[in-house]
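Dear colleague,

I am passing on a structure for you to look through, and my notes on its interior follow below it. Please read them with the structure open beside you.

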Amino acid sequence: MMRYRLCFLVTVFLIFLSPVYADTSLSLACPATSTVGSTINCNVVVDSDIDLSAVGTRLRLSSNLELVKFTTDSVWQGTGDNGNIQLYTFPNQKGKVNLGVASIKVLENQNSSTGTISLENTTFYGDNFNGFNGKNVSFNIKVLSTNNDLSSITLDKGSLTPSFNKNTLNYQVTLDSSNVTIGAVASDKKATVSGVGNKELKEGKNTFVITVTSEAGEKREYQIVITRPVKKQDNSEKKEDNIKNPSNNEEKKNSNTSSDTETSSSNQEKKDELKLKKLVVDGYSLDFQKDKNTYSVILLNDEKKLGIKAIALSDDIKVTISGNENLKVGENKISILLEDKEGNKNTYTIIATKKSQVCVIKDIKVVGYQFNFDCSKYEYQLSIKDEDKLNIDVVPTNEDTKINIYHNDNLKDGDIITISVKHGDNEYQYLIKISKKEENSTIITDNKKVLILGGIVIVGLLYLVGRFILKKKFFSKSKEI
């Protein structure tokens with residue numbers, strides 16, 4: 001009985017002596033939103049109040065996410081292949097430390113609009129490799145749909161030519177009616193549709209545009225041109241008058257011909273004047289031609305508005321620019337309307353396409369080195385001299401962009417400098433892997449060899465000199481005897 005009591009007391013004593021690791025945990029820093037086909041970067045961070053020598057965890061992803069690679073931070077050794085992260089470090093780490101970056105690709109999955117990233121089966125190892133378990137953590141990413149297709153277009157009268165297809169963007173309809181009701185349904189319930197409803201039809205051509213905007217903000221336009229036939233006037237009275245007065249008919253014919261010629265000539269002159277003589281978009285090349293009405297630009301940065309300068313041939317022409325506010329991801333249609341005092345109009349169009357992942361960094365410069373920056377490239381190799389720290393200048397495209405540079409102290413061969421860029425809800429990381437030139441180490445090695453050889457030679461000489469002195473003393477004593 002006494003033995004059991006003793007065992008119980010020892011167990012309780014050991015429990016109270018055991019360290020408490022409640023303040024050691026892992027966390028994930030990922031973008032809150034993303035789109036199908038894009039690649040996101042997530043930081044895996046450890047926060048510990050004790051010295052850590054190693055960390056092991058399992059990175060698990062939902063079915064609509066795929067691990068591209070895991071890049072360890074410079075202070076950690078090990079691997080994260082296939083999401084099995086096993087890392088160790090020396091010297092030991094304490095506080096909030098970045099373990100590495102997981103690059104993850106977002107896949108298409110119609111059944112889920114959320115991607116989940118989890119860290120499971122986590123084990124921390126202290127100073128003496130004493131292991132203890134950590135809590136599971138997870139992070140949810142909202143996957144925004146880029147689907148901006150229509151599943152149908154309907155008319156309350158008439159029919160489309162050609163028949164509807166989600167990939168066909170232009171349709172024609174001939175309809176003898178004063179109005180028509182246009183309906184359209186998006187393929188994705190999260191997309192929005194504009195440009196539908198009851199429309200008035202004038203004689204001649206009527207153009208209507210249906211715009212589909214995806215959840216991610218990417219736009220697509222379907223165009224319907226409805227032609228309403230022009231009704232012919234009743235000319236029976238004119239014909240009767242012409243039969244009675246053939247001379248009047250000839251005079252009117254000549255007069256009408258002359259009038260039509262003058263009107264046609266006048267209209268042509270007005271049409272030629274209703275054009276731009278200059279069209280400039282700051283930072284972009286348009287190859288402007290006054291007879292060319294449509295232009296396209298791919299936005300290089302996250303511009304909300306373009307700097308457009310449009311000058312008409314005549315000062316009497318009014319120039320109005322619309323659609324150049326709050327530019328979204330996808331196609332943005334910017335219209336430049338020219339209108340004279342008589343109501344004649346002409347329109348130039350600029351299609352500005354903004355990519356889903358824009359360049360939030362203009363340039364990264366490393367003083368003293370040639371660094372070829374590409375905003376779509378996130379990993380770089382840089383061979384440096386024997387500096388402990390680099391002078392890095394990061395140039396953002398927007399004043400709201402936040403930039404932090406990590407691990408740029410006491411640089412060693414194989415270290416990775418992390419440049420963290422946060423823009424809005426998105427966060428990007430550019431990694432610079434350092435390699436130090438081996439010239440200095442080669443010189444040191446050669447010097448060591450010289451010192452060793454010199455030492456051997458000196459020792460040999462001392463040995464010979466010592467033997468010579470001893471031998472001389474020996475012979476001197478022999479002669480005295």
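How much space lies in the largest cavity? In this model, which is predicted, the largest cavity holds about 50 Å³ of space, and the structure has one cavity of 30 Å³ or more.

The lining of the largest cavity is made up of Thr-71, Thr-72, Asp-73, Ser-74, Asn-98, Gly-100, Val-101, Ile-416, Thr-418 and Leu-431. Strand E4 (65-72), strand E6 (84-106) and strand E27 (416-423) are the elements that give two or more residues to this lining, and the largest share, three residues, comes from E6. Sorted by class, the lining has six polar residues, three nonpolar ones and one charged one.

Turning to the packing, the largest nonpolar core has 26 residues, of which Val-46, Leu-99 and Ile-117 touch the most other members. At least two residues of this core are supplied by each of strand E1 (25-29), strand E3 (39-61), E4, E6, strand E7 (114-125) and strand E9 (137-144). Leaving aside residues up to four places away in sequence, Leu-99 touches Leu-26, Val-44, Val-45, Val-46, Val-55, Phe-70, Thr-72, Asp-73, Trp-76 and Leu-87; Thr-72 and Asp-73 also appear in the lining of the largest cavity.

Apart from the largest nonpolar core lies another core, of 23 residues, which includes Tyr-369, Ile-384, Tyr-430 and Ile-432.

With best wishes

Conventions:
Residues are numbered from 1 along each chain as its sequence is written. This is a predicted model: local features need pLDDT of at least 70, side-chain atom pairs count only at pLDDT 80 or more; totals for chains, interfaces and linings use all residues. Side-chain values use heavy atoms; hydrogens and water are left out. On a 1 Å grid over the protein atoms alone, a cavity is a set of points where a 1.4 Å probe fits but cannot get out, and a pocket is an open set with protein on both sides within 12 Å along at least five of seven lines; lining residues have an atom within 4 Å of a point. Grid points are joined across faces, edges and corners, and a volume is the space filled by probe spheres set on the points. Helices (H or I, at least four residues) and strands (E, at least two) are DSSP runs, numbered from the N terminus. Ala, Val, Leu, Ile, Met, Phe, Trp, Tyr, Cys and Pro count as nonpolar, Asp, Glu, Lys and Arg as charged, and the others, Gly among them, as polar. A nonpolar core is a set of buried Ala, Val, Leu, Ile, Met, Phe, Trp, Tyr and Cys residues joined through side-chain atoms within 4.5 Å. Buried means under 20% relative accessible area, exposed over 50%, partly exposed in between (1.4 Å probe, protein chains only). Contact means heavy atoms within 4.5 Å.
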